[in-house]
Amino acid sequence: MSDIAERSLHTRTARSADAIKRSFTDNLFYVTGKTFDKATPVDHYSALAYTVRDRLLARYVAAAEIYQQHGAKTVAYLSAEFLIGPQLGNNILNLGMWDNTRKAMADLGLDLDTILATEPEPGLGNGGLGRLAACYMDSLATLEIPAIGYGIRYEYGIFDQAIRDGWQVEVADAWLRNGNPWELANLQRRYPVKLGGRTEPYCDDTGRLRVRWLPETTIYGLAYDTPILGYGVLNVNKLRLWKSEAHESFDLQAFNTGDYYGAVDDMVAAQNISKVLYPNDEPEAGKELRLRQQYFFVSCSLQDMLRVTVRDSGSPEGFPDLFVAQLNDTHPAIAIAEFMRLLLDDYHLDWQRAWELTRRSFAYTNHTLLPEALETWPLDLFQRNLPRHLEIIFEINSRFLDEVRVRFMDDLGRLTRMSLIDDTGGQRRVRMANLACVGSFAINGVAALHTELLKNTVLKDFHDLWPEKFSNKTNGVTPRRFIALANRPLAALLEETIDHDWLRDLNQLARLEPYAEDAGFRERWRQVKRLAKVNLAHHIKAATDIDVDPDSLFDIQTKRIHEYKRPHLNLLHIVALYNRVKHDPSLNMTPRTFIFGGKAAPGYRMAKLIIKLIHSVAGVINRDPQANRLMRVVFVPDFNVKTAQHIYPAADLSEQISTAGKEASGTGNMKFSMNGALTIGTLDGANAEIRAAVGADNFFLFGLTVDQVEAAWAQGYHPGRFIDQEPELRAALDLIDSGLFSHGDRDLFRDFTGSLRHHDPYLVCADFSAYLACQHAAGRFYQDSEAWTRMAILNVARIGRFSSDRAIREYCDELWQVRPISMHGFG
């Protein structure tokens, strides 16, 4: 450990309540420049964040030194998204200083929960993909695995969702408005990134033919590092995010000639690269910016890793021994071509050696079964921005197709499907998933069903060629954030009952099983659940001004709004129940609160229409005294990690109702279940594994299987047949068409009902009857509170397999071949 780290350890890392108070007061004055009587809530948050960060930094610096001394192999997790959530509470928890921090703040007349609520959400992800990356970073640090997460420091993250007259309105997410106390600007880590231009051949000093890239422009990436602390260990890894900038931010010559706007043109163009998460890629300019974003962050990341490799091993050839680069879906797949370019053009390796190193260094996780989501780029767009990479991809493709020809005897159909270049449409395109498959040593799916479907559908040809590359790594989530932080009363009950070891080994929750038969424990369990429901009810009231009953069944569906996730199936059930209530005022029905949440992509019109319909249905039901005593409907706006921490603990019933074969895994299903919600769901994604783990009797199953879905389409599926056979479905659609939910406007939701009546691409109508019956059974079970509580306890007791710690162990042992480096002797 360096002398600086040694001194810091003794002067700024004490974790007693008195030490925290002293540090907080110092940081309030010396960092924010405020006295106590003038400080705002944001100042309180900043002072506490810096106080906690001080206690991370000695460990952070020491970890980097120890990893280097051991020559540790490091996991480089390349992801366009890291939905890390607020960091203050997570770091207080992982440092083991929750009680002392709460006491310190209380002694100062402050409330820790209020300070935690002040922290902005770093919206650096869109949903499950980015949240999974964050869970994995948490687990890597907790398991003492050296790791770096590489991504983009978006100035504006995923949009904030406002609701106006029931419609989603996107608002810029200025999460950096008040600064970010968790990041360390590492301005010495600055790498050039070329774009556009042309290439030219030349001969080097040895007479060997090489290629030189003459770019149109060069921008630079600056590193911003966020320490990622493990739970119950001293290890601290890093999340390194890249900010783009111009070579020179200001053109003085242009300014002096009166071209004031031109003086900053280069700066504006360069900074746009890291300006916003997922720009709208419907226009050509949006597609180009998104491609540039993906290339920008992988280029910076690979240059950074190669710098370390040469420093520590003397040659780029040591890369596979020092790093394994995990591609989180296809967004970073351009890394395959960029790594080849760096080895060929900058380090002057020959093709064979460069390709061997590449295929030993990368692994690829696929997250989708939707063919349209397997990213492709128009050839002309690719050529215009990355001309050298296109040449390399052509060469990779030529050599690869020769291998396929030999293996499969010139099977033309197979060659066409496996080619890295799609020539089948009117516009030639680069297939990024194919590039990832060819350039990686391992390919994995994220749930058992998903992996089997990959092998048999979208990646079947690659599995036929390289079956040994394929494996399953079912997703997991971190219990630190989604139980210990989100659900403090449940965590306290678990710790009191089975001690605290479960936070590092979630399989320890199995020790809860006998308590499912303990009436006293079940009563305490219900008390914990009700506290969570009261908390969510307060949040809903503040966010929507809607009152909900904590004693009703909380039926919750919160996730990205997409038709394949079928929020409209849930909504049609609500409309059908409303119809029942209106036609039978004496209906004996379990009171329910239906809670929705999630964002629709800005250009996804049908998803936005579904959000509008949810609000319109809610508006009618919640105002109807005949119905609102039995049911309420709520849409919680701006669903994100902060909001989720209110929602997951409060759920009684978790809606996991996607069309079978469409969801890769899902992780919300795991978060709900580990907080004691029962699942109503299809056999899709990880649902089947959750059902097998918690027991079929503790899971409400309905719907077509993957094989039945395929058979339905093969037999000429038409929704009209199901609508004709199911009176309640027909009545629900007719009620929407009547204008009841749209102030008499019969056309507002016509596209929605028309799509279901005539197309129904996700088989909502086919599954409606089974869903209705399953929901009725769930409502009936809820009336028996003892039985329901027993089922909820068993869900938690048997959910241990779905920890992200288990998933990371599998990656480490079976794919990455990395080992932990303990810092136990440090400090």
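This is a short tutorial dialogue on reading a sheet and a helix pair.

Biologist: What kind of model is this, and how are residues numbered?

Modeller: It is a predicted model, where local features need pLDDT of at least 70, side-chain atom pairs count only at pLDDT 80 or more, and totals for chains, interfaces and linings use all residues. Residues are numbered from 1 along each chain as its sequence is written, and side-chain values use heavy atoms, leaving out hydrogens and water.

Biologist: In what order do the nine strands of the open sheet come?

Modeller: Strands of a sheet pair through backbone hydrogen bonds, either parallel or antiparallel. Here the order is β5-β8-β9-β2-β1-β10-β11-β15-β16, with mixed pairing. Strands (E, at least two residues) and helices (H or I, at least four) are DSSP runs, numbered from the N terminus; two strands pair if DSSP finds at least two bridges between them. At the edges, β5 (184-195) and β16 (470-472) each pair on one side only.

Biologist: How many bridges join β5 to β8?

Modeller: Nine, and the two strands run antiparallel. Ala 185 stands opposite Tyr 224 in β8.

Biologist: At what angle do helices α21 and α22 pack?

Modeller: Axes are lines fitted to C-alpha atoms, for helices over the stretch in contact, and angles run from 0 to 180 degrees between N-to-C directions. Helix α21 (residues 488-498) packs at about 155° to α22 (residues 519-544), the axes being 9 Å apart. That makes the pair roughly antiparallel, a term for angles over 145 degrees. The contact (heavy atoms within 4.5 Å) includes Leu 490 of α21 and Trp 525 of α22.

Terms used
Parallel < 35°, antiparallel > 145°, perpendicular 65-115°, else oblique.
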